[in-house]
Amino acid sequence: MDFITNPVYVLALLCLMVILAVYAGKTKFGKQFGAALLVILFTAVLANLKLIPSASNSIELYSTIFTYVAPISIFYLLLNVNLMFIKQAGLPMIGLFLIGSLATTLGILLSWFLVSPERVLGEDGKIIAGMLTGTYTGGSVNFNAVALEYGFQEKGILYAGTIAVDNVITTVWILATLALPVFLRRFWKDKTNLKSTTNAQNKTNVEDERIDFISLIWLLFLGVTAYFVSESISGLLPQIPSILILSTLGIVLAQTKFVANLKGSHNLGMYLVFIFLAVIGAYCEVSAVTELKEVGVTLLLFTGLAVFFHGIFVILIGGLLYRDWEMIAIVSQANIGGGATAIALAETFDRKDLVLPAILVGTLGTALGSYLGFFVVYIL
């Protein structure tokens, strides 16, 4: 069945899952979940039924989507950002993110003492704890930074198993954070929510989302060019992440009248985000975890409990300080899943005021994650 790894076949199915998720998300039942959550679920099912490749037999198409599509989708979504809308959300988001990063570290340590993964994993346990702390603060860059320092990537099966567990838990947490605000509001009402004012400010943009040909050719040019420029600058200044440069270009262009008048950047950005989320779903490979047997179960339990404790701490502290459940869910997702999935959440919740702060805290996490990862290895 060579066609299963055929990139055209896989891309066609990913696009089909986006279509099905969007239509399903408009039904009475589907509205409870939203299209973003549904597209992850649909592709996860396809991957686990082996109808499309998953993490263990990943294809170049997936890497291409992670490398190009995800960053350019962020750029397009930023073309809708008016800096006046986000100033109220910036500081609370940063404060919550730092709380979330601390909650990740505490969650890892608490899970370590409850599960005692070193009994099964030996000395590798503390390195894995550091890798997970890094990735659940700032993403895979920090995961690999800790792994490379200790040569952990050379332990093929265990390294691959840790990635598989990370993929499964990250996917589960995306689903959890999508459902979190609706669930929590039943017991603990929001104290602050900027959504109502932001929606009023953005209603005037609804008509502008009907993309026309001129807007399309300009948007495609701007997206590809901005990506090239950001990669080129990052090559000259490697200490500055390319996603930060790309985001800055998007924000600056968004303030110009010409770009602000282009139609359809939001819809184009959201479509690319859905394609990215479809690959996230495909990476949720349950069989890769079960094949590791006791090691896999230990990794899954240790990681799952750590993320669960992170969630408890963020909900309790965030609820006491801010109680804007959508903001808290987005910040937690920025910790666990990274900036791209946090932006997908902000768009799903229709919180355009939180798109830029989500990117900023995602970048902050990249800077902070390795330090916390190495700190955890050191104290364990």
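Here are some quick questions and answers about Thr43 and a cavity in this predicted model.

Me: Is Thr43 buried or exposed?
Reply: Thr43 is part of helix α2, which covers residues 35–48. The cut-off for buried is under 20% relative accessible area. Thr43 has 0% relative accessibility, so this residue counts as buried.

Me: Which backbone oxygen does the side chain of Thr43 reach?
Reply: A polar contact needs N or O atoms within 3.5 Å. The Thr43 side chain gets to 2.9 Å from its partner, the backbone oxygen of Val39.

Me: Which residues does Thr43 touch, leaving out those up to four places away in sequence?
Reply: Touching here takes heavy atoms within 4.5 Å. With residues up to four places away set aside, the list for Thr43 is Leu14, Met17, Ile52, Leu277, Ala278, Gly281 and Ala282.

Me: How much space lies in the second largest cavity?
Reply: There are two cavities of 30 Å³ or more in the structure. For the second largest cavity, the space comes to about 30 Å³.

Me: Which element gives the most to the lining of the second largest cavity?
Reply: The lining includes Ala36 and Ile40, along with Thr341, Ala344, Leu345 and Thr348. Elements giving two or more residues to this lining are α2, α8 (156–185) and α17 (339–348). With four residues, the top contributor is α17.

Me: How many charged residues are in the lining of the second largest cavity?
Reply: Leu277, Ile174 and Leu178 are among the lining residues. The lining splits into seven nonpolar and two polar residues, and the count of charged ones is no residues.

Terms used: Residues are numbered from 1 along each chain as its sequence is written. This is a predicted model: local features need pLDDT of at least 70, side-chain atom pairs count only at pLDDT 80 or more; totals for chains, interfaces and linings use all residues. Side-chain values use heavy atoms; hydrogens and water are left out. Buried means under 20% relative accessible area, exposed over 50%, partly exposed in between (1.4 Å probe, protein chains only). A polar contact is a pair of N or O atoms within 3.5 Å; within protein, one must be able to donate a hydrogen and the other to accept it, and residues adjacent in sequence count only if both atoms are side-chain atoms. On a 1 Å grid over the protein atoms alone, a cavity is a set of points where a 1.4 Å probe fits but cannot get out, and a pocket is an open set with protein on both sides within 12 Å along at least five of seven lines; lining residues have an atom within 4 Å of a point. Grid points are joined across faces, edges and corners, and a volume is the space filled by probe spheres set on the points. Ala, Val, Leu, Ile, Met, Phe, Trp, Tyr, Cys and Pro count as nonpolar, Asp, Glu, Lys and Arg as charged, and the others, Gly among them, as polar.
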